[in-house]
Each structure stands twice: as C-alpha cells, then as structure tokens.
Amino acid sequence: MSEDGPADRVTFEIAGPGAEFDADRRATGVVVEKLTRQHPGARVDQAGDSSLASAAPPTARVS
C-alpha cells in the first residue's frame with residue numbers, strides 16, 4: 001500500500017512447457033523492469049512460485 005493509499009495487484013499465469021515457459025517468465029521480468037523505469041516513484045514487485053524460487057538459495061528448506 002502506498003503512502004497516499006492506492007495499490008494495485010496484477011495476477012497472471014505463465015504459459016508453456018519447458019523452454020516456452022522460461023522465455024515467458026523472462027519476459028515478465030522485462031515488463032517489471034520497464035514499469036520500474038517508467039514509474040520511478042512507484043514500487044513494482046514480482047512474486048510467485050517461479051520468482052520466489054529463484055530468490056531462495058538452492059539449499060533453503062520450507063517447513
């Protein structure tokens with residue numbers, strides 16, 4: 001939530017098996033980076049199974 005109140009959330013699924021999925025996942029990262037550059041005063045984050053898994057160390061365990 002921003003200081004002045006508004007917040008938005010966009011949900012989506014990434015299509016495709018294997019290489020198609022990887023390409024589509026990378027494309028979402030490009031969009032997040034572009035939005036961050038276009039709106040420097042806004043906080044733009046990406047979170048989901050794929051992005052959270054890539055942020056965690058490979059040895060991390062979930063209990």
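Buried means under 20% relative accessible area. By that cut-off, 3% of the chain's 63 residues count as buried. The model is predicted.

**Overall picture**

The chain has two helices and zero strands. Its accessible surface comes to about 5800 Å². Carbon and sulfur atoms account for 54% of that surface.

**Two residues side by side**

Thr-28 and Asp-8 fall in separate classes. The table sets out place and accessibility for each residue.

| Residue | Location | Relative accessibility | Class |
|---|---|---|---|
| Thr-28 | helix 1 (residues 18-38) | 14% | buried |
| Asp-8 | segment before helix 1 | 83% | exposed |

**Thr-28**

Thr-28 sits in helix 1, which spans residues 18-38. Why does Thr-28 count as buried? Its relative accessibility is 14%, and the cut-off for buried is under 20%. Which residues does Thr-28 touch, leaving out those up to four places away in sequence? They are Phe-12, Ile-14 and Gln-46.

**Asp-8**

Asp-8 belongs to the segment before helix 1. Asp-8 is exposed because its relative accessible area is 83%, and exposed means over 50%. How far apart in space are Asp-8 and Val-44, C-alpha to C-alpha? The distance is 9.8 Å. In sequence, Asp-8 and Val-44 are 36 residues apart.

Conventions
Residues numbered from 1 in each chain as written. Predicted model: local features only at pLDDT ≥ 70, side-chain atom pairs only at ≥ 80, totals over all residues. Heavy atoms only, no water. Helix = DSSP H or I, 4+ residues; strand = E, 2+ residues; numbered from the N terminus. Buried < 20%, exposed > 50% of the residue type's maximum accessible area, 1.4 Å probe, protein only. Contact = heavy atoms within 4.5 Å. Areas by Shrake-Rupley, 256 points an atom, 1.4 Å probe, with all protein chains shown as cover.
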